[in-house]
Amino acid sequence: GLRPLNGLLPLLTYFNASTAHRHLFLASDSTGDLPQDIQMQVLTLSYGPTACGPGSGPLISPAPVTDDLPVPGASEFATKDLLVFAADGVGQRPFRREAAEELQKWQRAMPHLFVVARRDRQVRGSNFSAASCPVPSPSPAEWAHEIRRAVFCPVLPGDNTFRMRLFHAVQVGCIPVVILFPGGSWYRNHGPPVEWSLPFASKGVDWRGLAVELPHDPAAETFAAWAKRLVPSLLKLTVADIRARQLKLAAAVPLLRFDFHGKQPDAFTGLLDELVQRAETTPDSIECFDPRERFKTERCLSGAESVATEEREIYGVIACCPIPAKKAGTTWSDPA
């Protein structure tokens with residue numbers, strides 16, 4: 001099981017209140033799923049999001065991708081022959097079923113341009129089932145091949161801000177298609193903004209520039225209405241729109257991959273650069289707070305009881321952020 005930090009900290013000879021901000025704790029999970037004594041550490045490496053804002057406090061790690069694959073380039077982009085590849089489980093997750101059903105309609109009409117892979121066989125009260133899909137789910141090898149063939153890959157919200165599907169899409173040069181919620185989040189309504197949720201958002205990876213963001217305000221439209229806009233919105237993009245995103249994808253790939261050959265800057269060097277940036281500033285003080293209250297995370301609730309706790313505690317239940325001396329006394333503002 002998890003070892004409480006109160007049993008570990010006494011073993012750290014140089015750990016105290018004045019040095020806590022220089023101790024890095026590695027946490028292989030999203031912030032809301034970490035033990036509370038890890039959540040309250042000033043410097044952690046996790047899958048995010050951060051409650052301290054970009055460039056301060058916790059570091060956000062990319063997915064552990066070490067595949068030795070070529071960076072997508074002109075030949076890879078030119079030979080793509082699928083419009084959309086989508087592979088998602090539905091279950092009881094919000095913001096999934098209607099989009100999956102709509103994409104299946106397009107697949108039935110144009111199977112040569114759409115591949116919609118199932119990860120769950122049937123969903124109660126839904127038409128999204130094995131019987132409604134004209135082709136069987138691809139094998140892992142077929143999945144890897146078909147996602148590389150696609151121009152667009154819808155990446156719908158998960159249980160938290162980290163989605164392995166997003167990193168898969170970027171690594172193979174498939175333009176992610178995401179929901180843009182009020183407040184700038186891809187996760188939930190007024191949820192953590194992209195810049196607080198994904199790695200290197202201000203250090204070389206233009207997340208918003210490489211993706212197709214389709215706005216959705218749950219207060220103004222149903223998700224079914226958004227799902228109906230999904231494919232028509234993609235068809236309206238110009239060649240220049242698509243090419244611009246592909247160039248940003250190609251630039252992002254090396255920065256999000258752990259390159260064991262050490263030939264160029266990669267995800268590991270990016271994390272080291274962020275550590276250097278934090279080491280250059282000594283905090284004047286440490287501020288601890290309940291992010292559920294500060295960020296009003298009740299606004300993130302989608303109505304799905306199965307994920308209500310994750311939505312409410314997306315930043316965790318406690319956060320401790322360094323306040324640099326030059327910024328001490330400044331007023332905090334809601335990212336949304």
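Me: Buried means under 20% relative accessible area, and exposed means over 50%. In this predicted model, does Cys-320 count as buried or exposed?

Reply: Happy to start there. The relative accessibility of Cys-320 is 3%. The cut-off for burial is under 20%, so Cys-320 counts as buried.

Me: Which residue forms a disulfide with Cys-320?

Reply: Cys-320 sits in strand S10, and the other half of the pair is in strand S9 (residues 283-289), 32 residues apart from it. The two sulfur atoms lie 2.0 Å apart, which is within the 2.5 Å that a disulfide requires. The partner is Cys-288.

Me: What is the handedness of the disulfide between Cys-288 and Cys-320?

Reply: The torsion to look at is the one about the S-S bond, and here it is about 110 degrees. Because of that torsion, the disulfide of Cys-288 and Cys-320 is right-handed.

Me: What is the relative accessible area of Cys-288?

Reply: Cys-320 is buried, but Cys-288 is classed as partly exposed. That class lies between the 20% and 50% cut-offs. For Cys-288 the relative accessible area is 44%.

Me: How many residues apart in sequence are the parts that Cys-52 and Cys-321 tie together?

Reply: These two cysteines are joined by a disulfide, with an S to S distance of 2.0 Å. Cys-52 lies in the loop between strand S2 (44-46) and strand S3 (59-60), while Cys-321 belongs to strand S10 (residues 319-324). The separation of the tied parts is therefore 269 residues.

Me: Is the link of Cys-52 and Cys-321 left-handed or right-handed?

Reply: Both ends are buried: Cys-52 has a relative accessible area of 18%, and Cys-321 has 6%. About the S-S bond the angle is -90 degrees. The link is left-handed.

Me: In which strand does Cys-153 lie?

Reply: Cys-153 is joined by a disulfide to Cys-174, S to S 2.1 Å, and this link is right-handed, with 105 degrees about the S-S bond. Cys-153 and Cys-174 are both buried. Cys-174 is in the loop between helix H6 (164-171) and strand S7 (175-180), whereas Cys-153 is in strand S6.

Me: What pattern do the disulfides of the protein follow?

Reply: The protein has 3 disulfides. To write the pattern, bonded cysteines are counted along the chain. That gives 1-6, 2-3, 4-5.

Me: Which helix gives the most residues to the largest nonpolar core?

Reply: This core has 51 residues, and those touching the most other members include Phe-152, Val-170 and Trp-186. Leaving aside neighbours within four places in sequence, Val-170 is in contact with residues including Trp-207, Leu-210 and Leu-256. With 6 residues, covering part of 223-235, the top contributor is helix H8.

Me: What percentage of long-range contacts join residues at least 24 apart?

Reply: The protein has 336 residues, of which 50% count as buried, and its elements comprise 12 helices and 10 strands. The contacts considered are those between residues at least 6 apart in sequence. Of these, the share joining residues at least 24 apart is 68%.

Note on methods:
Residues numbered from 1 in each chain as written. Predicted model: local features only at pLDDT ≥ 70, side-chain atom pairs only at ≥ 80, totals over all residues. Heavy atoms only, no water. Helix = DSSP H or I, 4+ residues; strand = E, 2+ residues; numbered from the N terminus. Buried < 20%, exposed > 50% of the residue type's maximum accessible area, 1.4 Å probe, protein only. Contact = heavy atoms within 4.5 Å. Core = buried A, V, L, I, M, F, W, Y, C linked by side-chain atoms within 4.5 Å.
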